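Open the model in your viewer with the sequence panel alongside. The stops below go from the whole chain to single residues.

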Amino acid sequence: MELFRIRFINKIRPDTIEIRYRAVLEAHSSDTIFEGHQCFNRHYLDYTILKNGEVALRAITNIFSALPEGLVLDKVSFEQSHDRNLLQVQPKSSLITLIIILLIIIS
C-alpha cells in the first residue's frame, strides 16, 4: 500500500480557464503517477461546474480509474483562485462527503 496526493493548480487567462492536476506518491522520491489538465474557453462555459467542484471530482475519478489497486489517496490540495467568482474551493466537509460518495460509486 502506497500513499499519494493530488494537487490542483489553476490558471485564469482572459479567454481561458485551465485546471491542472497532478497525482504524486508520498514517498521520498515523489514520483508523478498521473498528470492531467482541462482547458475551458470562458466564452462557452457554464461556470457552475467550476463553482460546485464537479471539474475536480471528474478529475479525481479519472485519476482513480487509471491507478492500480494498492494506492491510497492521502491528501488533496487546491490552489486558491485569484478570482473567487470563477473558481472557489468547497468547504472541507463538503469535499470529504463528495469524495466518499465518488469512491463508493467507483468501487
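The tour covers the overall layout, the sheet, a helix on it, one residue and a pocket.

**Before you start**

This is a predicted model, in which local features need pLDDT of at least 70 and side-chain atom pairs count only at pLDDT 80 or more, while totals for chains, interfaces and linings use all residues. Residues are numbered from 1 along each chain as its sequence is written, and side-chain values use heavy atoms, with hydrogens and water left out.

**Whole chain**

Show everything as a cartoon. The protein has three helices and four strands, and from the N terminus on the elements run β-β-β-α-α-β-α. Helices (H or I, at least four residues) and strands (E, at least two) are DSSP runs, numbered from the N terminus. Buried residues make up 30% of the 107 residues; buried means under 20% relative accessible area, exposed over 50%, and partly exposed in between, with a 1.4 Å probe and protein chains only. Of the contacts between residues at least 6 apart in sequence, 55% join residues at least 24 apart, where contact means heavy atoms within 4.5 Å.

**The sheet**

Select 2-12, 16-25, 32-41 and 71-78, which are β1, β2, β3 and β4. In what order do the four strands lie in the open sheet? The order is β3-β2-β1-β4, with mixed pairing. β3 and β4 are the edge strands, each pairing on one side only. On average, neighbouring strands are turned by 15° against each other, direction ignored. Next, add helix α2, residues 54-66, which packs on the sheet and touches β1, β2, β3 and β4. The direction of α2 makes about 140° with that of β1; axes are lines fitted to C-alpha atoms, for helices over the stretch in contact, and angles run from 0 to 180 degrees between N-to-C directions.

**Around β2**

Keep β2 selected and look along its two partners. Two strands pair if DSSP finds at least two bridges between them. β1 and β2 run antiparallel, joined by nine bridges, and a hairpin of three residues connects them. Label I9, which stands opposite R20 in β2, and I6, whose bridge partner in β2 is A23. On the other side, β2 pairs with β3 over nine bridges, again antiparallel. There T16 has N41 in β3 as its bridge partner. The hairpin between β2 and β3 has six residues, and S30 in its turn has a positive phi of about 50°. Seven of the 10 residues of β2 are buried, so the strand is largely enclosed by the rest of the structure.

**E2**

Go to E2, in strand β1. Its relative accessibility is 40%, so E2 counts as partly exposed. Beyond neighbours within four places in sequence, E2 is in contact with L25, G70, L71 and V72. Draw a distance from E2 to E69: their C-alpha atoms are separated by 9.6 Å, although these positions lie 67 residues apart along the chain count.

**The largest pocket**

Finish by turning on a surface. The largest pocket has a volume of about 250 Å³. R7, I9, Y21, R22 and V24 are the closest to its centre, of 15 lining residues. A pocket is an open set of points on a 1 Å grid over the protein atoms alone where a 1.4 Å probe fits, with protein on both sides within 12 Å along at least five of seven lines; lining residues have an atom within 4 Å of a point.

Terms used:
Points joined across faces, edges and corners; volume = space filled by probe spheres on them.
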